[in-house]
Amino acid sequence: MTSTAMPTAEQHGLVAHSDGAFVPVQTRSERFRSTNVEEFAPVNGREHEWKLSPVAAFADLTSGDLDGSRLEIATTEAAGVSYSHIARDDARIGSAGIPEERASANAWSSFDEAFLVSVTGEDEKTVVVTRSGLGTAPRAAHTVIEAAPNSRALVVLEGTGAARLSENVEILVGDGASLTVVSLQEWDDEAVHLSSQFARLGRDAFLKHIVVSLGGKVVRVNPSTHLAEQGADIEALGLYFADAGQHLEQQVFVHHDAPHTKSRVTYKGALQGEGARTVWVGDVLIGPKATGTDSYEQNRNLVLTDGTRADSVPNLEIETGDIEGAGHASATGRFDDEQLFYLMARGISEDEARRLVVHGFLTEIVQKIGSPELEERLTAALETELQGS
């Protein structure tokens, strides 16, 4: 797909300064948005949203033609949860958010139908939606998860096998609903997955959004949450473990746009092996109407070997002074020598002490999922990763 029109300065990620000069966009609120890939300039890797990403590894997903036909999807069943496909012109599509970058727009321009997960009923239920065997051709997908008012559910959206996938996920949380969405990436070693995930929360709605990235060559999951109504609450959690040559990236955005909203963002990751790379960017925007906001974000990275790199960039933008609190924290480092000494002083070998420290560091996120079966499965997966270290 090649645009014939010259992209505007806005589409190049520039905004007009007071003196008439154009300067790079500095805040999420100023970013260009469109569902049409033709309206985005080609990706060169110098853009604000791409400068930490290996753009050459997925040029086919940002600029090439994508297969937007239905994916092979397996689902589990539960009372109060239904599945269907909806047309591109369905009113729900685009109601949670629209693309801010070219890969997301390419997927949006390419998909044929959206896969809809509908949640109703106040009883707790858990379902798993699995995409697997997607092959190595570049593909596009669009998923909508809709939680009716006052409904309760845990939805696991997992990916396994081979893939070169660019997708958009929209999450609509109705008034008073409580929804947990787990985005689980356990792709094959050479898979590439770019996912933009948009959530809109209604009045007094709660969303627990969890990103778990373990498999894949390049995995980039960017969740954006719009706290659109009073009392909306988001707990955004992330867990990732990067091995040699693996790039795992998350760019998180929380927009407080209504009074008395709350957000807690906690992402934790570990890196081991030559060329292991992780990227976390956390943007929080507290808008002028978001009085009484309570917000905090943090990212922690544990470096297990030499030759790794972890980028961690928290950003906070506040447009009202009437808030309860807002803050952020970021830390990247090696093992805590005092913890190792404490364990080894009690007869535990150094290798086992290191394993226990890493395990304790990462399982804090696993234990917040709320599904004993999935927590057990992920704990075993982490043990496998640690054995490789």
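The secondary structure of the protein chain comprises 5 helices and 20 strands, where helices (H or I, at least four residues) and strands (E, at least two) are DSSP runs numbered from the N terminus. The radius of gyration of the protein chain is 21 Å, close to the 21 Å that the globule rule gives for 389 residues, so the chain is as compact as a globular protein of that length; the radius is taken over C-alpha atoms, and the rule is 2.2 Å times the number of residues to the power 0.38. The model is a predicted one, in which local features need pLDDT of at least 70 and side-chain atom pairs count only at pLDDT 80 or more, whereas totals for chains, interfaces and linings use all residues. Residues are numbered from 1 along each chain as its sequence is written, and side-chain values use heavy atoms, with hydrogens and water left out.

The pLDDT, which is the predictor's confidence in each residue on a scale from 0 to 100, averages 91 over the protein chain, and 91% of the residues score at least 70. Over residues 1-6 the pLDDT is below 50, and this stretch has 9 contacts in the model beyond near neighbours in sequence, a contact meaning heavy atoms within 4.5 Å. Along its principal axes, the C-alpha trace of the protein chain spans about 65 × 50 × 50 Å. Of the 389 residues in the protein chain, 54% are buried; buried means under 20% relative accessible area, exposed over 50%, and partly exposed in between, with a 1.4 Å probe and protein chains only. Among contacts in the protein chain with a separation of 6 or more, 85% link residues 24 or more positions apart.

One open sheet is formed by 9 strands in the order β3-β6-β8-β10-β12-β14-β16-β18-β20, with mixed pairing; two strands pair if DSSP finds at least two bridges between them. Strands β3 (73-75) and β20 (325-333) stand at the edges with a single partner strand each, so one side of each is left without a neighbour in the sheet. Neighbouring strands of this sheet are turned by 10° against each other on average, direction ignored. Within the sheet, β10 (residues 178-187) and β12 (residues 206-215) pair in the parallel sense over 9 bridges, and the bridge partner of Leu179 in β12 is Leu207. Helix α5 (residues 372-387) packs on the sheet and touches β8 (152-161), β10, β12 and β14, its direction making about 30° with that of β10; axes are lines fitted to C-alpha atoms, for helices over the stretch in contact, and angles run from 0 to 180 degrees between N-to-C directions. Helix α4 (residues 350-366) lies across β12, β14 (233-242), β16 (262-271) and β18 (294-303), and runs at about 145° to β16.

Another open sheet of 9 strands has the order β4-β5-β7-β9-β11-β13-β15-β17-β19, again with mixed pairing. Its edges are taken by β4 (81-87) and β19 (309-318), each with a single partner strand, so one side of each is left without a neighbour in the sheet. The twist averages 10° from one strand to the next. Strand β17 (residues 277-286) pairs with β19 in the parallel sense over 10 bridges, and Val279 has Asp311 as its bridge partner in β19. Helix α2 packs on this sheet, touching β7, β9 and β11, and its direction makes about 85° with that of β9.

Helix α2 (residues 102-110) is mostly covered, with 8 of its 9 residues buried, including Arg102, Asn106 and Trp108. The cover over these buried residues includes α1 (59-63), β7 (139-147), β9 (164-173) and β11 (192-201). At the N-terminal end of α2, Glu101 acts as a cap, with a side-chain oxygen 2.8 Å from the backbone nitrogen of Ala103.

Two individual residues may be described further. Glu297 is placed in strand β18 and, at 1% relative accessibility, counts as buried. A polar atom of the Glu297 side chain lies 3.5 Å from the backbone nitrogen of Asn315. Leaving aside neighbours within four places in sequence, the contacts of Glu297 include Val265, Trp280, Asp283 and His328. Leu134, found in the loop between β6 (126-132) and β7, counts as buried at 7% relative accessibility. The C-alpha atoms of Leu134 and Glu72 are separated by 7.1 Å, although these residues are 62 residues apart along the chain. Not counting residues up to four places away in sequence, Leu134 touches Leu71, Glu72, Arg139, Ala162, Ala163, Leu165 and Trp187.

Methods: Polar contact = N/O pair within 3.5 Å; in protein donor to acceptor, adjacent residues only side chain to side chain.
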